[in-house]
Amino acid sequence: DSQGMVCHPDLQMYHTARKDSEFAFTVDNPSACKTTFRDADGEQHEVHSRGNGLIMVRPNAAEHCVGPTEGGTRTILKFIYVGDYRKSPAFWHYTGNECDETNPNRRALSARRSSPSHSDEL
């Protein structure tokens with residue numbers, strides 16, 4: 001059972017932004033899990049991805065998040081097309097993984113790890 005993923009824009013990990021794209025291919029999604037994103041005008045959209053569906057996200061673009069599966073499952077194949085293997089400065093910052101306590105992803109992960117439902121899984 002997944003708790004989802006907090007909202008975030010993707011970092012530009014490789015040198016050429018126009019060639020850097022992330023894809024999530026949905027194998028199946030018999031759950032309530034939905035993907036939410038904001039378009040260039042700031043309007044929020046929500047998608048319930050079905051099997052054989054594909055979502056593409058560009059770096060430094062749409063803020064997106066994934067909701068919980070609520071007891072179901074969602075199977076995806078996630079991959080990145082880079083087109084240019086030279087790394088951006090953000091890549092090296094990310095590999096250091098030096099997020100302080102103010103980082104929203106770190107706070108969300110800490111909350112999940114300390115929740116009663118997570119401790120039952122361990």
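T16 touches D84 and R86, leaving aside residues up to four places away in sequence, and this threonine makes a convenient point of entry into what is a predicted model. T16 sits in the loop that connects β1 (5-8) with β2 (21-28). Is T16 buried or exposed? With a relative accessibility of 15%, T16 counts as buried, because the limit for that class is under 20%. The side chain of T16 also takes part in a polar contact of 3.3 Å with the side chain of H15.

**The protein as a whole**

Seen from further back, the protein has three helices and seven strands, and these elements follow one another along the sequence in the pattern β-β-β-β-β-β-β-α-α-α. The C-alpha trace spans about 40 × 35 × 30 Å along its principal axes. Of the 122 residues in the protein, 27% are buried. When contacts between residues at least 6 apart in sequence are considered, 82% of them join residues that are at least 24 apart.

**Strand β3 and its partners**

Strand β3 (residues 35-38) pairs with strand β4 (residues 44-47) through four bridges, and the two run antiparallel. Within this pairing, R38 stands opposite Q44 of β4. The two strands form a hairpin, with five residues lying between β3 and β4, and in the turn G42 has a positive phi of about 85°. Strand β3 is also joined to strand β6 (residues 64-66), again in an antiparallel arrangement, by three bridges. Here F37 has H64 as its bridge partner in β6. As a general point about such elements, side chains in a regular strand alternate between the two faces of the sheet.

**Pockets**

The two pockets described here are set out in the table, with their volumes and the make-up of their linings.

| Pocket | Volume | Lining by class |
|---|---|---|
| Largest pocket | about 790 Å³ | 14 nonpolar, seven polar and seven charged residues |
| Second largest pocket | about 310 Å³ | eleven nonpolar, four polar and five charged residues |

The largest pocket, with its volume of about 790 Å³, is lined by 28 residues, and those that lie nearest its centre are H8, P9, L11, Y94 and N105. The elements that contribute two or more residues to this lining are β1, β2, β7 (75-81), α1 (89-96) and α2 (104-114). Which element gives the most to the lining of the largest pocket? That element is α2, which supplies five residues.

The second largest pocket has a volume of about 310 Å³, and among the 20 residues that line this pocket, M5, E22, A24, V57 and H64 are the closest to its centre. Two or more residues of the lining come from each of β1, β2, β3, β5 (53-57), β6 and β7. H64 therefore links two parts of this account, since the residue that is the bridge partner of F37 is also listed among those closest to the centre of the second largest pocket.In the wall of the largest pocket, β1, β2 and β7 appear together with the helices α1 and α2.

Conventions:
Residues numbered from 1 in each chain as written. Predicted model: local features only at pLDDT ≥ 70, side-chain atom pairs only at ≥ 80, totals over all residues. Heavy atoms only, no water. Buried < 20%, exposed > 50% of the residue type's maximum accessible area, 1.4 Å probe, protein only. Polar contact = N/O pair within 3.5 Å; in protein donor to acceptor, adjacent residues only side chain to side chain. Contact = heavy atoms within 4.5 Å. Pairing = 2+ DSSP bridges. 1 Å grid on protein atoms, 1.4 Å probe; cavity = no way out; pocket = protein on both sides within 12 Å on 5 of 7 lines; lining within 4 Å. Points joined across faces, edges and corners; volume = space filled by probe spheres on them. Nonpolar A, V, L, I, M, F, W, Y, C, P; charged D, E, K, R; others polar.
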